[in-house]
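Hello,

Here is the structure I promised to pass on. Have a look at it first, and then read on for what turned up in it.

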Amino acid sequence: MRRFLAVLVLALAAAASAGAQEIVIGQSVALSGANADIGRDMRDGALAVFAKANAGNVLGGRRVKLLTLDNANSRERALENTQQLLGQHGALVLFGYNSATNSVDSLPLVARSNVLFFAPFSGSPALRNHPNVFTIRASYREEALKIIDAKRSVGSDKAAILYYDDEVGRSNYDAVASVYAEVGAAKPPGVAVKRGAPVDAAAIDALLKAAPHYVLATTQYGAVRDVLKAANDKGTPMPVAALSFVNPDELAESVGPLARGTMVAQVIPSPRAANQVSIPLVKECADALHALNGAKLNYTSLESCISAHALVAALKKAGPQATREGILQAMGSLGRLDLGGYSLQFSPARHHGSSWVELTMLSRGNRFVQ
């Protein structure tokens with residue numbers, strides 16, 4: 001009997017040890033609804049990296065488990081997901097949330113849990129100054145500055161800003177509009193649209209009345225698609241320049257030739273085949289994603305892959321007994337991180353790993369070119 005109890009105790013200890021080796025990473029994205037394809041790319045780009053890290057025993061016996069919950073692009077569900085991830089599932093990191101709108105309500109819980117909130121897909125000012133938030137991307141301000149400089153160089157200095165009519169959308173408008181003041185230009189008028197709804201006729205009329213040289217869109221692709229189609233239907237094509245939040249791959253697929261000439265700010269290198277030759281990280285991400293599910297790398301899955309690589313580096317630095325606080329501290333002490341032809345830089349005072357912005361134009365064949 002004693003021997004049986006001893007064996008039982010050892011078995012329970014082993015099970016507890018095995019459970020402790022699993023690092024749960026929590027993610028909340030849209031896996032249903034109009035943005036489901038984007039959400040799957042956000043998930044799968046990271047899954048590819050974590051699968052490879054687990055197979056290669058990169059973390060010395062600890063396995064990464066990415067737990068992705070569907071928020072259906074609903075702010076309320078995103079908060080519920082965060083509560084589940086931190087409570088029921090004991091996530092050590094929150095990772096790759098799909099927008100600022102679906103992130104901001106979680107920040108009080110993030111602070112209370114002292115957990116790392118890493119790599120949200122947003123450059124919004126709503127997420128730039130929280131002590132637990134780290135990103136791999138430039139800010140919307142930095143993206144806007146690049147667009148404004150490019151447009152002014154060809155004589156286009158009159159803009160209108162398309163933004164969502166909620167607190168995050170308005171903060172994005174303020175951030176972008178302030179850049180015009182910084183460069184000595186007039187503050188552009190803003191045209192607000194409802195998030196998740198078609199752009200209505202009043203918004204289209206307001207844009208046409210403003211008669212801008214271009215519309216600077218801070219929205220996702222659906223609103224840009226609606227503007228391009230409506231302007232074309234009225235016989236008044238309207239040039240658009242968009243922040244990276246637009247989801248460039250979806251824009252190209254949803255609008256096609258009508259979007260040709262649209263400028264999009266990118267905050268990571270292009271996933272195109274040429275970069276898979278010249279930038280080792282891009283090739284590694286393409287190969288890992290293909291091995292995972294046979295999918296082709298795009299901007300969204302590449303950003304997720306880069307973020308996952310950076311997170312693995314932080315988990316490694318946090319050591320074998322990683323805690324929420326330990327991982328948060330590890331991320332802030334990574335310093336310069338060369339991921340293979342593409343670098344990030346983190347410190348306790350630098351929470352945003354890159355300020356790199358590249359402008360692309362949608363060209364023939366629905367391809368973005370520099």
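**Two alanines in loops**

Ala211 sits in the loop that runs between helix H7 (201–210) and strand E8 (214–217). Please keep in mind that this is a predicted model. What caught my eye about Ala211 is its backbone: phi is near 50°, a positive value in a residue other than glycine. Is Ala211 buried or exposed? It falls in between, because a relative accessibility of 44% counts as partly exposed.

Ala72 tells a similar story. Its phi is positive, about 50°, although Ala72 is not a glycine. You will find Ala72 in the loop between strand E2 (63–70) and helix H3 (75–86). Ala72 is partly exposed too, with a relative accessible area of 30%.

**The largest pocket**

How much space lies in the largest pocket? The volume comes to about 520 Å³. The pocket is lined by 21 residues, and those closest to its centre are Asp249, Pro271, Lys296, Leu297 and Asn366. If you want to trace the wall by element, helix H2 (36–55), helix H9 (248–255), helix H10 (273–278) and strand E14 (367–369) each supply at least two lining residues. Helix H9 gives the most, with 4 residues. By class, the lining of the largest pocket divides into 8 nonpolar, 5 polar and 8 charged residues.

**The second largest pocket**

About 380 Å³ of space lies in the second largest pocket. Of the 23 residues in its lining, Asn35, Tyr164, Gly196, Gln220 and Gly222 are the closest to the centre. Which helix gives the most to this lining? That is helix H8 (residues 221–233), with 5 residues. The lining of the second largest pocket is made up of 8 nonpolar, 11 polar and 4 charged residues.

**How far to trust the model**

The average pLDDT over the protein is 92, and 95% of the residues score at least 70. Residues 1–20 are another matter: the pLDDT there is below 50, and the stretch has 0 contacts in the model beyond near neighbours in sequence. Where pLDDT is low, the predicted coordinates should not be read in detail.

When you open the file, you could begin with Ala211 in the loop between H7 and E8, go on to Ala72 in the loop between E2 and H3, and then turn to the pocket residues, including Asp249 in the largest pocket and Tyr164 in the second largest.

Best wishes

Notes:
Residues numbered from 1 in each chain as written. Predicted model: local features only at pLDDT ≥ 70, side-chain atom pairs only at ≥ 80, totals over all residues. Heavy atoms only, no water. 1 Å grid on protein atoms, 1.4 Å probe; cavity = no way out; pocket = protein on both sides within 12 Å on 5 of 7 lines; lining within 4 Å. Points joined across faces, edges and corners; volume = space filled by probe spheres on them. Nonpolar A, V, L, I, M, F, W, Y, C, P; charged D, E, K, R; others polar. Buried < 20%, exposed > 50% of the residue type's maximum accessible area, 1.4 Å probe, protein only. pLDDT = per-residue confidence, 0-100. Contact = heavy atoms within 4.5 Å.
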